[in-house]
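Work through three short exercises on one structure. Try each task before reading its solution.

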Amino acid sequence: MINPYDMRSIYLNCVFSLFLLFGCKPTKQVDLIVYNARVYTVDSAFTAAEAFAVKDGKFVSIGSGTAIRQQYTAEEEINANGKAIYPGFYDAHAHSFLLGELLDQVDLMGSKSFEEVITRLQAYHKARPEKKWIIGGGWDQNLWKDKKFPTKELLDKAFPDIPVYLSRVDYHAAVVNSEALRIAKVTHVRTIEGGLIGGENGIPNGILIDNAMDLVSHQIPEAEESAVLRTLKVAQDSLLSVGLTTIVDAGLTHMQLEMLKNFYKRDELKIRDYAMIATNPENVSHYLKEGVYDTDRLTIRSFKLLADGALGSRGACLLEHYHDAPTKGFLLHSPAAFDTVIRQLANSPFQVNTHSIGDSANRIILDAYGKYLKDNINRRWRIEHAQIIAPGDFHKFRQFHIIPSVQPTHATSDMYWAKDRLGEERLKGAYAYKNLLEEYGMLALGSDFPVEHFNPLYGFHAAVARVDAQGFPQGGFQMENAISREQALRGMTIWAAYSCFQEKQRGSIEKGKDADFVILDKDIMQIPNQELRGTKIIRTVIAGESVFIRK
């Protein structure tokens, strides 16, 4: 007969064993736990969560706060205090070197007249007398009362002895003074393929459009590598502060690409960079031999072509004349030249991304893509800007599987004068983001900074509300082409990642992906439109490392 005391001991031992088995299950050690959050994972189902765990720079689990904290312990925990968390933001079309350079030059953004430009230049020259060239950027004659292009006369009076080079806001035109023209040996108006030297009676007036800009810009001394790194770091700080974790650098020179390789090898930069190679014969030959370059932070696997110029400077190539000028704009190279390089690159592993603004340029490039691409879906070639599309060409994005890479703030910057350039009927096919989305099924969203501001929430606001910072126009600009908030968020996360072949690595908060995420002070999926631009980034994280924390 079993002693009751022994029965009690057996019972207690069993209970204790079960307690050890289920009640004291060991927790797994991770590097970071984030909890008490509203997590927008942006996975295929647009799932919401409360918490996640990160180890070795990757998400290891996403779920409820209770479950995550029971399963894991971490060296660092972040209580999000109910704030919204999103995957790290992409800028699918940007120019980091130009932004860095502008931070060290004369910022002419928002200038209301050319006289104001001169005043800003004089203040800069007084503060930086050691500069051998005065370089600036950001002027836009469309913001001036007379809306006329500037010429060299006022520059010559203010700066007769030092060369001046000032890029238009879109970087597709520049105004220079006589000293800069003298150094570049530009003495008379002449024909330039894909460009224009402005002037009267054969005498240059200082305006250079598109390829003509190179005549002077190539005379500007190159910055030292240390100076380039310094300006890139300053630019990076600004980008991280607005939640950008990945940028797409749209068209870099061989020298710039080699600098980036060195900077990233030395861990000098944090932000991820998907860099496009500026297309010229030397670069095509070099990088086709070298092949795709892919590391954790830097990827080089695409070429950037320039089909035409910009609408604001009337360099965009149109099928018919501009509504306000007897010109159709122009291509930057001949159709035969584009055909040749596209055929060559179609037989390589590289992606091709082409700047196309006008409806003629878009048609030429779309047809060339369709002519040579065989495995279109997996090649993921892109049209950058896709700004003006003829009605009969929208279907080609679907037919040829071409990704539209667009910048929503272009619509709200250009809307004041775009009708003047295009006329009412042709304007319907411009900035048509909803139409493009319906054709292809995705949009890659960017800003084109420093042409536009680098804050991705400005683009988010422009995409969904189609108004400027002041809420103009009432009711929105061509609201038939607004997109939803979910579509806009996908466009700056998972769809942008897809456009860079990175959707399996990042772009959403899912197990196994890189732990890139941002915490915002407001939920951009819920707040009124007028609050979107004022939303602040609380924290930006890349690979589990906090690279920006708002103080």
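The exercises below cover two serines and the nonpolar cores.

This is a predicted model, in which local features need pLDDT of at least 70, side-chain atom pairs count only at pLDDT 80 or more, and totals for chains, interfaces and linings use all residues. Residues are numbered from 1 along each chain as its sequence is written, and side-chain values use heavy atoms, with hydrogens and water left out.

**Exercise 1.** Find where Ser111 sits and decide: buried or exposed?

Step 1. Ser111 is in the loop between E9 and H4. Helices (H or I, at least four residues) and strands (E, at least two) are DSSP runs, numbered from the N terminus.
Step 2. Its relative accessible area is 1%. Ser111 is therefore buried (under 20%; exposed is over 50%, partly exposed in between; 1.4 Å probe, protein chains only).
Step 3. A polar atom of the Ser111 side chain lies 2.9 Å from the backbone oxygen of Leu108.
Step 4. Beyond four places in sequence, the contacts of Ser111 (heavy atoms within 4.5 Å) include Trp139, Leu143 and Trp144.

**Exercise 2.** Place Ser113 and classify its exposure.

Step 1. Ser113 lies in the loop between strand E9 (106–107) and helix H4 (114–127).
Step 2. Its relative accessibility is 23%, so Ser113 counts as partly exposed.
Step 3. A polar atom of its side chain is 3.1 Å from the backbone nitrogen of Glu116.
Step 4. The C-alpha atoms of Ser113 and Leu143 are 7.6 Å apart, across 30 residues of chain.

**Exercise 3.** Which residues touch the most other members of the largest nonpolar core?

Step 1. A nonpolar core is a set of buried Ala, Val, Leu, Ile, Met, Phe, Trp, Tyr and Cys residues joined through side-chain atoms within 4.5 Å.
Step 2. The largest has 121 residues; Tyr86, Phe89, Leu311 and Leu489 touch the most other members.
Step 3. Another core, of 19 residues, lies apart from it and includes Val106 and Phe114.

Note on methods
A polar contact is a pair of N or O atoms within 3.5 Å; within protein, one must be able to donate a hydrogen and the other to accept it, and residues adjacent in sequence count only if both atoms are side-chain atoms.
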